[in-house]
Structure formats: structure tokens, C-alpha cells
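Colleague: I'm still learning to read models like this one. Please take a close look at the largest nonpolar core and walk me through it step by step.

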Amino acid sequence: AAVRWVLGVSLCFLNSLLSSVGFIMQRRAHLLEEQQALVPDSRISPKPLLYVGICIYIVAAVPDVLAYMLVPQVVCSTVACFRLVVLTVLAHLFLQERIHGREIVGMALCTLGTAACVYFGPRPVSSSEATADKFFHPQVTAYLVVGLSILAILLFVEHVEALPCCRKSVPENVFLFTLPMATGLAYAFEKVFNTQIGFLEQPERLPLGLLEAPQWTSMLVAIGALGLLDFYLNLRGAKRMPVQVFAPLAFALCTSLQYFQSVVVFGELQDLPPVNATISVLGACISLVGALVIRPPRLWLLGRELVDDEEIDKNDKQEKVGQGGTASSNPMLVRSPGTGGDALDSEMSSNYTE
């Protein structure tokens, strides 16, 4: 169990590091490409940097999946919040994005909360204990049935406008919340199966062994299906909503659901002493609050599909001046038309596609 714990937590932090490094490399490549548009005679192509960044970001999904198979969900999801701290530091070092007072407070909260949850949080149990007890308890099945039913309803509402007879039957404001909710639910439910499959014995003689282990195979299929659904909903969110609203809302919902799944559905804290359980839950909540302080949802953008960069910059500058900071003067931080965000905004929008 000790080896399983150390390996799982290490994989959590490795995922945070790799995904952040991969994303920063992609962002840097895009900024270099924008700079070359202003200086056409540049001989350095940003394409290799972009492709390497994409590969690293994709590879980062492997330790993420393995980590959920090894350690409790509350630990994995809390470390996922810490990813924004890593990203903020890397963006400051390699993209010259300035860190202001709000980000410093958020980073401190996120770091403190993550450390508390990892140190005092639950430890993994053996496969035999999990199979006989909580990870395949009927309440997990009931939770999934209810949750997936709600997800199906949200997906129907989200796509009801495609039906000519129903295009005006749902108020426009409803669509502003169905998409982040559906995205958060899809990701959270994917992690339910991701956790459960870690406590099943892997079939031998793959791929033919998949037919001999229907439970393991069905969970693998569920993980893949929900992962594809999550990817689709992220693409839809990027098209229909400002990323500064969609990403933080979906992130907050999926992380909160994972906390609920860990504490209530799987009962991962029930064997902890009361003090440890309390500190663990508080640490997880503080880490989530810290992540949202670093990158809060810009609700004033609700109802807009495309937002002018100058309008976002104006609000950002007013906010940063109030924090005692100034806007970055780095020429590498020129934004492309229609993006309206920085590395943190874009990273939060892509966190769920892993």
C-alpha cells in the first residue's frame, strides 16, 4: 500500500508538470508564430516546439489515468488544482506573464490546501478490500444511474435547439449553464470508472482477454466513451461560450463532484481519524478556492460568444491596477484575434480533455 501511495501521488504531480510544460510549449510556439507574422524574415520555425508540446501534453494523460487507479480521488483532484500553480510559475518564467497579488494569494491557498490533503488525506486500500467493500457497492451503481440520467437530460437540453419544433422552447440563458454542467459531469463520471477499474484484475492475453473479463472491458469502454464526450463538450464550449466563463465553471463543478464522489460515494475518508478527515476535506476545499482565485470565472462575459480583446484587456487592467500591478509590456504576449485569454484561461479549458 505504501508503494502504491507513493507511486500514485508521484504520478499526480508528474501529470501536473508534464501537462503544464506541454501547454507552455504550445503557447510559446503560438506566440512566436504571431511574432513572425510581424517580422516575416524570421528563420526560426515554431512548429517543432508546437509539435513537441502537443506530444508532451498528450503523454501527460497517461500518468493521470494511472494515478486515479492507484490513489483516492480526493487526492488526485486536489493535486489537479495545484496544476494551476505550476502553470502560473511556468508562464511567468517562460512567457513573461506577470504574477499579481490575486495570483499570489491563490497560489498560496492552493499550495497549502494540496499539502494538507496529501499529508492528512486517505491512503489507498488493497484490491481485495475494495472489491468486497465500497468501490463496487450498490450505492455507486445508484449514483451512476442518477448522475448519467441527469447528464443525458443536460445533453438533450443542450442540443434541443437542433430540432426545428423546439428551437425557442428553452430560454437562452439556460444554455449558458447546461454546457459547463454537462462537461463537469462527464469528466467526474469518467473518473468513477477510472477509480473502479484500478481495483479489478487486468485480463491476461490482451486483446483477446477482454472478452473473458466483461466487467473490466465495460469499464474501459465507459472511460473511453465519457472521455470522448468530454472532449466533444470542450470543443462545443470553446465554440459557444467565452473560455473565461466556461473553463472555470466546468472546472469547479467537476472538482466538487470528485470531492463528493470520494467522500460520500466511495467513502474514502471513513477509515481516517476525525482530525485527519477534517483537515483533508478543508485542504481539498482550500485548494479548489485557491485555483479559482488564480483564475476566477468572468461572469460578466456570459451571453457572449465572441468577446473583443480590448474589452477584456480593459477589465483586466482595471483589476490589476487595483491589485497594485501593471499590465505586461512583453511583446511576446500579443494575443491573436478572438482568443481573449492568457495561458491560464486556455489551460483550464483543456484540462478535461485528458
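Modeller: Let's begin on the outside: the protein has an accessible surface of about 16,800 Å² (Shrake-Rupley method, 1.4 Å probe), and carbon and sulfur atoms make up 69% of that surface. This is a predicted model, so local features need pLDDT of at least 70 and side-chain atom pairs pLDDT 80 or more, while totals for chains, interfaces and linings use all residues. Residues are numbered from 1 along each chain as its sequence is written, and side-chain values use heavy atoms, without hydrogens or water.

Moving inward, 50% of the 354 residues count as buried (under 20% relative accessible area). The protein has 13 helices (DSSP H or I runs of at least four residues) and zero strands (E runs of at least two).

Now for your core (buried Ala, Val, Leu, Ile, Met, Phe, Trp, Tyr and Cys joined through side-chain atoms within 4.5 Å). The largest one holds 40 residues, and V71, V74, V75 and C81 touch the most other members. Two or more residues each come from helix 1 (2-38), helix 3 (61-70), helix 4 (73-94), helix 5 (101-120), helix 10 (243-265) and helix 11 (274-294). Helix 4 gives the largest share, 12 residues.

Try picking out C81: beyond its neighbours within four places in sequence, C81 is in contact (heavy atoms within 4.5 Å) with C110, F251, T255, Y259, S287, L288 and A291. Apart from this core lies another, of 30 residues, including L155, F193, I223 and V245.

Finally, step back to the whole protein: of its contacts with a separation of 6 or more, 85% join residues 24 or more positions apart.

Terms used. Buried < 20%, exposed > 50% of the residue type's maximum accessible area, 1.4 Å probe, protein only.
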